[in-house]
Number of protein chains: 2
Amino acid sequence: MVATAESVVEQTTIADRVCVEIQTAIIKGEFPQGSKLNEPMLATRYGISRGPLREALRRLEGLGLVRHVPHAGARVVTLTREELLEIYYVREALEGMAARLAAEMMSQAEITELYALLEVHAEQVKAVAGRAYFQQEGNWDFHYRIVKATRNPQLVQILHGDLYHRVRMYRYQSSQQSARPDKALHEHRRIVDAIAERDGELAELLMRRHIRSARRAIGEQLSAEPLSAAIAGIQELSPHTRSQTTSEVIA
Amino acid sequence: MVATAESVVEQTTIADRVCVEIQTAIIKGEFPQGSKLNEPMLATRYGISRGPLREALRRLEGLGLVRHVPHAGARVVTLTREELLEIYYVREALEGMAARLAAEMMSQAEITELYALLEVHAEQVKAVAGRAYFQQEGNWDFHYRIVKATRNPQLVQILHGDLYHRVRMYRYQSSQQSARPDKALHEHRRIVDAIAERDGELAELLMRRHIRSARRAIGEQLSAEPLSAAIAGIQELSPHTRSQTTSEVIA
DNA sequence: CATTCGGGTATTGTCGACAATCGCCATGGT
DNA sequence: ACCATGGCGATTGTCGACAATACCCGAATG
């Protein structure tokens, strides 16, 4: 029997479904950082038993979104700015390598698509200077394409299977947006140029510089203690409308 | 109440204990790569129920040692040489960054200890040219100290919490050993020199070169199809005494 | 003789209940 | 008034059993 397209119907298990549900809830901040995730409550909330729920929690623990202590239960991780900065060091190293490999591996078609993506971004930057959420997603798309182009599943796994969720959570909750998307766009363009020229060394250098500048932008908004404020604002599940702090944080 | 030393008695749960037991069994090759891990068998083998066992398996899946498909059970991952090479690209990027950060962060005491460690390694290299297992562990110790010195828990987690186990499994089962430990030792020495001089850029360059050469050494032993032979040899739980392939694989 | 269909078996997914442990609060002592 | 201690409630860890699904093998048919 040939493998039909519908034979790949995603065989979903309850634990898996609940896992992504809780995951999005955590990223959206419906479960505040540091809040306790007691099993009976969640089990009744999602209408399942504690068995699959526990597996979902272990999985989330593997994703780094939940921390578990033996007889005290699971809590949503509290992502401090220090941890976010640590992650950005990892991203600098890994995505720098990704850019280098992408310059070697990326197909011409992929490069063309990447340029097209930059055009879309350019329009978004020009058109709506306010609505930066799409911008963020587009930014992630850009970085993801480069990482994917490396043909290195390990790299993809680490960057977009482990780190991605935590960074996304922080971004989502602190509503950290790009204050200077035009600058980021320019940096993106030059990175793609280097890749198109098959200059892996330059691509790595530019990508590292790009992410490094984003890290520095994050590090500079330290005195405003934005995250703890965000946590306090979210604690009661109230929509947080913090003043979006300055920054050119986009990477 | 002050925190006594014995208040840190590791509160261990059955799932945790079985997790490490299975983990070591997988690394040692008692469970061959690709072999099925059916739950009733393992449950009776370790004298526990299927509940904790499933959690242990999910945890091992998070560690990348086990792959799980929804209604077909869990299998030990098959680590191809391609994947190992992919991991070495990640290591090159990450440990290069680690060396750079270590050059900035490492205390003088740590540097002294690192030099002492190199002395021990030098004696081992000189004394027992054959028994390379200790050498491997020592090699890991060296790299771990540098990574730890970065004060970047994310880096430590990825390198020694995720990647470490898989590389160790490959190494253990293919009995890949250092054919030229003296060369590796020399490279180690120069890396520490750079760190001692607080030359992060040089430390990163040297570390990347060090790991890159190890990756190339792995990549060059391709035609000997060593891993599949090792798997075949292990399949029946028989001690595999393959001829240890050439290589200067040490990183 | 190859192929496909069907049933049987084994394994996984899920559930509810019991036991062990932890945190909290009241009570008593110093 | 403060601290230690005991009990109580709640939550986690563990277990056995049931239901659902997938794999395997034999039989029937072209």
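1. On the surface near DNA strand D, α3(A) contributes the largest share, 3 residues. Helices here are DSSP runs (H or I, at least four residues) and strands are E runs of at least two, numbered from the N terminus. At least two residues each also come from β1 (36–37) and α2 (39–46) of chain A, and from α1 (14–28) and α3 (50–63) of chain B.

2. Some bookkeeping before going on. This is a predicted model, where local features need pLDDT of at least 70 and side-chain atom pairs count only at pLDDT 80 or more, while totals for chains, interfaces and linings use all residues. Residues are numbered from 1 along each chain as its sequence is written, chains are lettered from A and ligands numbered from 1 in the order in which they are written, and side-chain values use heavy atoms, with hydrogens and water left out.

3. Staying with strand D: 21 residues surround it, and the closest are A:Gln11, A:Arg54, A:Pro70, B:Thr13 and B:Ile14. "Near" needs a residue heavy atom within 4 Å of the strand. Of the atoms of DNA strand D within 4 Å of the protein, 74% are sugar or phosphate, and bases make up the rest. By class, the surface splits into 7 nonpolar, 8 polar and 6 charged residues (Ala, Val, Leu, Ile, Met, Phe, Trp, Tyr, Cys and Pro are nonpolar; Asp, Glu, Lys and Arg are charged; the others, Gly among them, are polar).

4. Now the atom pairs on strand D. A polar side-chain atom of A:Arg50 sits 2.9 Å from a base nitrogen. With phosphate oxygens as partners, polar side-chain atoms of A:Arg54 and B:Thr13 are each at 2.8 Å.

5. And strand C? Of the 21 residues around it, A:Thr13, A:Ile14, B:Gln11, B:Arg54 and B:Pro70 come nearest. Sugar or phosphate accounts for 73% of the strand C atoms within 4 Å of the protein. α3(B) gives the most to this surface, with 3 residues, and the classes are 7 nonpolar, 8 polar and 6 charged.

6. Phosphate oxygens of strand C have backbone partners: a polar backbone atom of A:Ile14 at 2.6 Å, and a backbone N or O atom of B:Glu39 at 3.1 Å. B:Arg54 uses a side-chain N or O atom, 2.8 Å from a phosphate oxygen.

7. Away from the DNA, have a look at the second largest pocket, about 530 Å³ in volume. Its lining has 19 residues, with A:Arg208, B:Arg100, B:Glu201, B:Glu204 and B:Arg208 nearest the centre. What is the lining made of, by class? There are 5 nonpolar, no polar and 14 charged residues. α9(A) gives the most, 7 residues, and α4 (81–105) and α9 (200–220) of both chains each supply at least two.

8. Last, the aromatics: the count comes to 2 pairs over all chains (Phe, Tyr or six-membered Trp rings with centres within 6.5 Å; planes under 30 degrees apart are stacked, over 60 edge-to-face, the rest tilted). A:Trp140 and A:Tyr164 are edge-to-face because their planes meet at 85°, with centres 4.8 Å apart. A:Trp140 lies in α6 and A:Tyr164 in α7, so the pair ties together parts 24 residues apart in sequence. A:Trp140 is buried at 7% relative accessible area, as is A:Tyr164 at 16% (buried is under 20%, exposed over 50%, partly exposed in between; 1.4 Å probe, protein chains only).

9. In chain B, B:Trp140 and B:Tyr164 are also edge-to-face, 4.8 Å centre to centre and 85° between planes. Both rings' residues count as buried, B:Trp140 at 7% and B:Tyr164 at 17%.

Terms used: A polar contact is a pair of N or O atoms within 3.5 Å; within protein, one must be able to donate a hydrogen and the other to accept it, and residues adjacent in sequence count only if both atoms are side-chain atoms. On a 1 Å grid over the protein atoms alone, a cavity is a set of points where a 1.4 Å probe fits but cannot get out, and a pocket is an open set with protein on both sides within 12 Å along at least five of seven lines; lining residues have an atom within 4 Å of a point. Grid points are joined across faces, edges and corners, and a volume is the space filled by probe spheres set on the points.
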